[in-house]
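Please open the structure in a viewer and keep the sequence at hand. The tour below proceeds by selection, from the whole chain to individual side chains.

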Amino acid sequence: MAVEQMTMPQLGESVTEGTISKWLVSVGDTVNKYDPIAEVMTDKVNAEVPSSFTGVIKELVADEGDTLAVGEIICKVEVGGGSEGYSAENEPVTPASEETIKEQPEQQTDQSNKKRYSPAVLRLAQENDIDLEQVTGSGAGGRITRKDLQQIIESGNIPSSGNRGNAAVQEAPAKAEAKQNVPAAAPQKAAQPAAASVSAQPGDIEIPVTGIRKAIASNMLRSKHEAPHAWTMIEVDTTNLVEYRNSIKNEFKQKEGFNLTFFAFFVKAVAQALKEFPQINSMWAGESIIQKKDINISIAVATDDALFVPVIKHADEKTIKGIAREISELAGKVRAGKLTADEMKGGTFTVNNTGSFGSVQSMGIINYPQAAILQVESIVKRPVVMNNGMIAVRDMVNLCMSLDHRVLDGLVCGRFLARVKEILENTSKDTTSVY
């Protein structure tokens, strides 16, 4: 018999971690390959994780509520056909030996994820006064895992900020100087005590933070920290579009079986403009900017306690009717809890329908690693000065765009928005077909 390890899968593009919301198996259960073993939540999807093996569950490494990086071990399964001398007792579930701890710094050369901490790691470090800068992570890219901290706690040799100076004295001068100039973790660690200092008073309601809310918070924080946001807004006269849509919406619903929403017109206009301004359809990749070939529009769909971002693939190749159908189907799957991981992957640009709840102006946080997000605000009637100097009541909407200033500049974004405006203002019964 052999013991195989199952790791946290990647449940969507740009997803780096997931939270175990519920185990569907227990130690000792027999599972078949592809049987669901756990429910996992990320900032993009809530999905069941299938077993990669047929065998017996030997250990659940992660607890419910734990957040683990993609590639970290979540459980161990005993399967047949392995070497005879191998048993579950050989698994390193006890604290690492002193020799193993000494070897880790040499073996761990990739430290790209060293200072990306999951909520579970931050909480455990705070509760036990562990200085994470002095911890060597065993996860992918040097990431510190919950197991690393548990081993330190059990060993009793806890590296706190108070003894960092003693350790620094023992290092070479050049190494100590380099260590003093590392600022990356300071903002995140400084913010942590402030959050913990909030206490509930009589009459207050304390609401536990769910795994998916933690995942959303983590992704939004990463976007704000890594992408320098800039904002711009444009007004669009949608009077002709409103008249056209309202004149055909009832017939369309009877014929097609789903609603023809204003949002479908906006998504189609954005997809067409992205084709003409491909710079907007890009992502920051460190040493390069990746300009995506496919135009896949992410749309934000909210539930009572979470936000999901399903994707309309190849939106530029679809009609307004086709986009309206996908919006209806994807929103229905989100609210029914049936959205799949594949339906969350591949987004290149996000369009957010903030106007659905009455917003008239907003500044969205970019859906990392995309380079921009467009907020479609509420269509409202306003007095407008026309070209002939007369004042008329028109159906107006604000389009608010957030952009990653590493990738995009104001000029190209202004031209992009001007093109979206032109398309929408020229949408009418005489010029546009929904089919």
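**The whole chain**

Begin with everything displayed. Of the contacts in the protein between residues at least 6 apart in sequence, 67% join residues at least 24 apart. The model is a predicted one. Colour the chain by secondary structure: 11 helices and 19 strands make up the protein's total. Colouring by accessibility instead brings out the buried residues, which account for 44% of the 435 residues.

**An open sheet**

Next, select strands 5, 4, 2 and 7. These 4 strands form an open sheet, in the order 5-4-2-7, with antiparallel pairing. At the edges are strand 5 (46-50) and strand 7 (67-69), each of which pairs on one side only. From one strand to the next, the twist averages 40°.

Narrow the selection to residues 17-23 and residues 36-41, which are strand 2 and strand 4 respectively. Their antiparallel pairing runs over 4 bridges. Which residue in strand 4 is the bridge partner of Lys22? Selecting Glu39 shows that partner.

**Aromatic rings around Tyr435**

Now hide the sheet and display the aromatic side chains. There are 4 aromatic pairs in the structure. For one of them, select Phe252 and Tyr435: their ring centres are 6.1 Å apart and their planes meet at 35°, so the pair is classed as tilted. Distant parts of the chain are linked here, since Phe252 belongs to helix 8 (residues 239-256) and Tyr435 to the segment after helix 11 (410-425), 183 residues apart.

Are the two residues buried or exposed? Phe252 counts as buried because its relative accessibility is 2%, under the 20% cut-off. Tyr435, by contrast, is partly exposed, with a relative accessible area of 45%.

Add Phe258 to the selection. Ring pairs join Phe252, Phe258 and Tyr435 into a cluster.

**Charges over rings**

Keep Tyr435 on display and add Lys255. The charged end of Lys255 sits over the ring of Tyr435, at 4.7 Å from the ring centre. A further example appears on selecting Arg245 and Phe262: the charged end of Arg245 sits over the Phe262 ring, 4.3 Å from its centre.

**Salt bridges**

Turn next to the charged side chains. The structure holds 14 salt bridges, and three of the stops below are drawn from among them.

- Select Lys318 and Glu326. Their salt bridge has its closest N and O atoms 3.3 Å apart. Lys318 counts as partly exposed, at 22% relative accessibility.
- Select Asp404 and Arg406. Their side chains meet in a salt bridge with an N to O distance of 2.8 Å. Asp404 is buried at 2% relative accessibility, whereas Arg406 is partly exposed at 26%.
- Select Arg419 and Glu422. In this salt bridge the closest N and O atoms lie 3.0 Å apart. Both residues are in helix 11, separated by 3 residues, which is about one turn of the helix. Glu422 has a relative accessibility of 41% and counts as partly exposed.

For the final selection, add Glu276 to Arg419 and Glu422. Salt bridges with shared partners join Glu276, Arg419 and Glu422 into one network.

Conventions. Residues numbered from 1 in each chain as written. Predicted model: local features only at pLDDT ≥ 70, side-chain atom pairs only at ≥ 80, totals over all residues. Heavy atoms only, no water. Pairing = 2+ DSSP bridges. Helix = DSSP H or I, 4+ residues; strand = E, 2+ residues; numbered from the N terminus. Axes fitted to C-alpha atoms, helices over the stretch in contact; angles between N-to-C directions. Phe/Tyr/Trp six-rings, centres within 6.5 Å; stacked < 30°, edge-to-face > 60°. Buried < 20%, exposed > 50% of the residue type's maximum accessible area, 1.4 Å probe, protein only. Lys NZ or Arg CZ within 6 Å of the ring centre and 35° of its normal. Salt bridge = Lys/Arg side-chain N within 4 Å of Asp/Glu carboxyl O. Contact = heavy atoms within 4.5 Å.
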